[in-house]
Amino acid sequence: MSDISYELKQGIACIKLTRPKKRNAMSDSMLIELGEAVDRAAKEAKAAILFGEGDHFCAGLDLAEHLDKTALQGIDGSRAWHAVFSRIQRGAIPYFAALHGAVVGGGLELASICHVRVADETAFFALPEGRRGIFVGGGGSVNITRIMGVARMTDMMLTGRVLSVQEAEDYGVVTYITEEGDAFDKAFTLAQKAAKNAPLSNYAIINALQRIHDSGYDEGLFFESMIASLTQTTPEAKAGLKEFLDKKAERLAIPDDKQGKS
Ligand code: 1HE
C-alpha cells in the first residue's frame, strides 16, 4: 500500500503524505517511498512541494513500529531519515512545505529541512519526544536549532510546548501564513516562481547559504566569491541580465504601501 503519492504538475513535483488514518506518521516503508519520490523529483522537477492528506501534515515517527526496536535498529532508523532528508535539503531543487494541522516530532523535522515553509492557520508545532522518552532522530537537533535557536527548542522538548502558527512565524519556523486550506496553493505559487530561476542559482542558494553561514567569516566571503563567479558564467545568467537591461524583465513585486517611497 502506498503511503506517498507523486504528481508532476507544470514542472513542480507534488509529493503528498497519504497515510491520514495514522495522521501521516512516518513508517519505515513510507520513508523509503518518500526517498523514491525525492529521487524521481530530482530527475524531472524544477521544484517540489511536500504536503499531507487529511487533517494533519505529519505526526512524526511511527511510534508503533518504534516500540520494539533495539538501540542499533534505532541508529539505523535515524540514519535512514538523515539519508533521505539530506537528498531533500542538499539536492538540486528547492522544496516548499505546505503545512496544516499537526507538524509534530519527525513531522517538524521533515518541515525544517524544506527550504521554504508555508502554513495555514490550523497548523500547530510540537516536539513531544521528551514526553515519549525518546529524542529527535530526523536531524532536528541540527536543523530545528538552526531555525529557532537551542533555547526555544529545549523549551519545546522539555515542556511539551505547542506553538501556534503565529508563534511559529515569530520563531522563524514558517515564513508564510495562509487561511485554512490555502497552504498548498500558496506553496505552489512560490514554487513556480523559484522554478523560473537559473538551476545553478537555485543549487547555490540551497547548498551554499547554510554552509557559508556555518563557516568562518573569511572562508564564507571567499566561498561566496567563487560561487558568484561560477553562476555568472552560465547562459541563464547572461540571458537574465540582458533581459533586465533590455527592460523586458518581470518587475519586482513591491508591496503597495512601499510604492514610490524609496
Ligand atoms: C500514530 C501516530 C504516531 C497518530 N505513530 N501512530 N509523534 C507524536 O508523539 C505525536 C502523536 N500523535 C498525536 O499526538 C495525535 O495523533 C495528533 C495530535 C497528531 C492527532 O490527534 P487525533 O486525535 O487527530 O488522532 P489520534 O486519535 O491521536 O490518532 C489517530 C490514529 O493515528 C491512532 O491510531 P488508531 O489505530 O488508534 O486509529 C493513533 O495511534 C495513530 N497515530 N500519531 C503511530 N506518531 C526520526 S525521530 C522522530 C521522533 C518523533 O517523531 S517522536 C514524536 C511522535
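**Ligand shell, cores and helix H6**

Arg-23 sits in the loop that runs between S2 and H1. The model is a predicted one, and this arginine is a handy place to start looking around. At 44% relative accessibility, Arg-23 counts as partly exposed, because that value falls between the 20% and 50% cut-offs. Its phi is positive, near 55°, even though the residue is not a glycine. For background, most residues other than glycine have a negative phi. Gln-10 goes against that habit as well, with a positive phi of about 50° in a residue that is not a glycine. Gln-10 belongs to the loop between strand S1 (4-9) and strand S2 (12-17). With a relative accessible area of 63%, Gln-10 is exposed, since the cut-off for that label is over 50%.

Arg-23 also leads straight to the ligand. An N or O atom in the side chain of Arg-23 lies 2.9 Å from an oxygen atom of the ligand. Arg-132 makes a similar kind of approach, with 2.5 Å between a side-chain N or O atom and a ligand oxygen. For His-56, the corresponding side-chain distance to an oxygen of the ligand is 3.4 Å. On its own the ligand would expose 1000 Å², and the protein buries 65% of that. The shell around the ligand holds 22 residues, and the closest are Lys-22, Arg-23, Ala-59, Gly-106 and Arg-132. By type, the shell splits into nine nonpolar, six polar and seven charged residues. Strand S5 (102-104), helix H4 (106-112) and helix H5 (129-132) each put at least two residues into it.

Moving on to the nonpolar interior, the largest core contains 47 residues. Within this core, the residues touching the most other members are Ile-15, Leu-34, Tyr-95, Leu-99, Leu-110 and Phe-125. Helix H1 (residues 28-44) is the top contributor, giving six residues. Ile-15 shows what such a spot looks like up close: leaving out residues up to four places away in sequence, its contacts include Ile-4, Tyr-6, Leu-34, Val-38, Phe-51 and Tyr-95. Another core lies apart from the largest one; it has 17 residues, including Ile-49, Ala-98, Val-118 and Ala-195.

Then there is helix H6, which spans residues 140-148 and has Gly-140, Asn-143, Ile-144, Thr-145 and Met-148 as its buried residues. The cover over these buried residues includes helix H3 (71-89), H4 and helix H7 (150-159). Asn-143, which is located in H6, has a relative accessibility of 12% and therefore counts as buried, the cut-off being under 20%. Setting aside residues up to four places away in sequence, Asn-143 touches Gln-89, Ser-112 and Ile-113. Just after H6 comes Gly-149, with a positive phi of about 100°.

On the other side of the helix, the loop between H5 and H6 holds Gly-138. Gly-138 is buried, because its relative accessible area of 2% is under the 20% cut-off. Not counting neighbours within four places in sequence, Gly-138 is in contact with Trp-81, His-82, Phe-85 and Glu-109. Between the C-alpha atoms of Gly-138 and Ile-113 there are 9.6 Å, although the two residues are 25 apart along the chain. Ile-113 turns up here a second time, as it is also among the residues touched by Asn-143.

Conventions: Residues numbered from 1 in each chain as written. Predicted model: local features only at pLDDT ≥ 70, side-chain atom pairs only at ≥ 80, totals over all residues. Heavy atoms only, no water. Near = heavy atom within 4 Å. Polar contact = N/O pair within 3.5 Å; in protein donor to acceptor, adjacent residues only side chain to side chain. Areas by Shrake-Rupley, 256 points an atom, 1.4 Å probe, with all protein chains shown as cover. Helix = DSSP H or I, 4+ residues; strand = E, 2+ residues; numbered from the N terminus. Nonpolar A, V, L, I, M, F, W, Y, C, P; charged D, E, K, R; others polar. Buried < 20%, exposed > 50% of the residue type's maximum accessible area, 1.4 Å probe, protein only. Contact = heavy atoms within 4.5 Å. Core = buried A, V, L, I, M, F, W, Y, C linked by side-chain atoms within 4.5 Å.
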